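Let's take a friendly walk through this structure, with its cysteines and its nonpolar cores as our guides. Have the sequence and the 3D view at hand as you read.

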Amino acid sequence: MFGFTTQKALAPRRDRLWFHISFPSHATPEFQTLSGFAAAWTQSTGPSPNPAEADGASLSSRECTMKTSIVFLLCITVFPGFSQGRVVGEDETGFAECNVFFPGQVPPEGFTEPFHVKICQQYNKEPRFATLYSTKDKIPLYSAFKYTKPAQNKEENWLVEPQIDDPENDLHEMVHEADIVGTVANLGANQALTSDYVGSGYERGLLNPSLLNEEDFQMATYTLTNAVPLSPSLSKSWHRVIGRVVEQALVPHCSKKDHLYLLAGAIPSSVRVKGKVSVPETLWLAACCDALEGWSLGLVKKMNDEISLVDLTVGELEKQLLAGVHLFKGKCGEDNKSQEKTEAILQAVSQIRSGEQVGTSDNQEAKDSGLVRRVAGIIATPFIKLLELLIYVFVELVKFVFYFLWLVIKRVGGAVLDGLYSLWNGVVSYLKAISMVLISIPCDVGRVIINIFLGFLQIVQDVASLTYRILCIPVGFVLHLAAFPYQSICAIPSVLKDMATGIGGTFSLVIDATATLLHGFYYLACHIVKRFVPKGSSDD
């Protein structure tokens, strides 16, 4: 984008880089007005928007606005060509990196008003030209540039800068006017808008003509900070004359083309377009060939005379501008001016001027013959606008229906997707559980085989132990059997002795038991007698 702002109001932001993805715009200013009005109308249910007509790309620009974050990221990736601007700070010299467009890298002196804003116009991260913008008059005072070569592409892409009107907004990039209607405070307070040109009879005339630039240099020229109000005929003649002067008179007579410095400017007047944008009273061009046998030249064109084209020295041109203005450092070649080259340049300019005068007289008849067509066009314009409005309303209704259907499909699709997601989670969980079971089967089979093997080893161990024990039994038995006769014979005396002792003990036990029993009976009888006999004798 082309980022810029006033030096006082936006000094804290002067070192910020801003980016914007540029989309082509082919709509006429009148149709852009209709688009801007429709954009404001669609936002009428919210905060009250600014009813300014917009420079919209097409009817689909609102769709791009609704999806700004997504489109911005995608465009950065897909489209490498984007504009960029850096506000030149008060502590920087001249126009910073755009000083290369001035001889000796020294900008013009004498433009010191607080409402003068320095803009380093860039594209694809490269400086393309420099502009001094007046927020008071809302037009550029001059644009400094170098000649590249005639342009092949005439695609227009007009942008505005939100930051110059609303320093506190978050849009740090150049955008289409239709995209910011109702979102930027004081939109158009410090800069011209497309709506200022619609229906005014003026066109957006470029100070740095696009036809003298190619590719990125040309794309960088289509900004409202490089445009002044010009009548259609004056805009065409001025650009045509400047193009021919530069290509046929200036470039061929400068030994080093890259040392040809051009300043195209405008002198503001008190006439205002819609009471806002100043209509220049004079257009001027200053050229400097800062090389060996260099030269400098000035051209002036009055707004009230489309045929006039006055050549003069740079010093004479400076006198017509602000007091104390010096356009080129060291008068740029006037000290060692080549008289031959100067005369050749003036002769070429004179021929171009004569050709323009002839062409102007020829065009007058065409203008007269086209008067009827213009009147018919004026009469038909309201009906055309009404038709465009009806078409726009129809398109918006179709878009609304499709948007509603899209919401319904989104809701239904969301529910279906949620169900599918839950089903998918269930299937995944089920498959996960089955997988874990299937994976555990080989492990379990391995453990069973190992246990069987260990059991078999235990059985073998038990069989071996039992066999060992069985084999150990006959040896003990034989030993005991061999010792039996000896132990039996030797035990006979002990057995007999034990038998005799047993028999004797048995008789002794019988005798003792019998004696004990008799003694007991005797004791019992005595006790009975003692208890009952005395009581009976005493009663008698």
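In this predicted model, Cys 443 is partly exposed, because its relative accessible area is 42% and the partly exposed range runs between the 20% and 50% cut-offs. Cys 490 is also partly exposed, with a value of 41%.

Now turn to the cysteines that pair up. A disulfide is a covalent bond between the sulfur atoms of two cysteines, and this structure holds 2 of them. One joins Cys 98 to Cys 120, with 1.9 Å between the sulfur atoms. This link is right-handed, with 75° about the S-S bond. Cys 98 sits in the loop between strand E2 (82-87) and strand E3 (116-123), while Cys 120 belongs to strand E3, so the disulfide ties together parts that are 22 residues apart in sequence. Both Cys 98 and Cys 120 are buried.

The other disulfide joins Cys 254 and Cys 289, whose sulfur atoms are 2.1 Å apart. It too is right-handed, here with 85° about the S-S bond. Distant parts of the chain are linked by this pair: Cys 254 is in the loop between H6 and strand E8 (260-267), and Cys 289 is in strand E11 (residues 282-289), 35 residues apart. Both of these cysteines, Cys 254 and Cys 289, are buried.

What about the nonpolar side chains? The largest nonpolar core has 58 residues, and those touching the most other members include Val 245, Leu 262 and Trp 295. Helix H6 (residues 232-250) supplies the largest share of this core, 8 residues. Apart from it lies another core, of 26 residues, whose members include Cys 98 and Trp 284.

Methods
Residues are numbered from 1 along each chain as its sequence is written. This is a predicted model: local features need pLDDT of at least 70, side-chain atom pairs count only at pLDDT 80 or more; totals for chains, interfaces and linings use all residues. Side-chain values use heavy atoms; hydrogens and water are left out. A nonpolar core is a set of buried Ala, Val, Leu, Ile, Met, Phe, Trp, Tyr and Cys residues joined through side-chain atoms within 4.5 Å. Buried means under 20% relative accessible area, exposed over 50%, partly exposed in between (1.4 Å probe, protein chains only). Helices (H or I, at least four residues) and strands (E, at least two) are DSSP runs, numbered from the N terminus. A disulfide is a pair of cysteine sulfur atoms within 2.5 Å.
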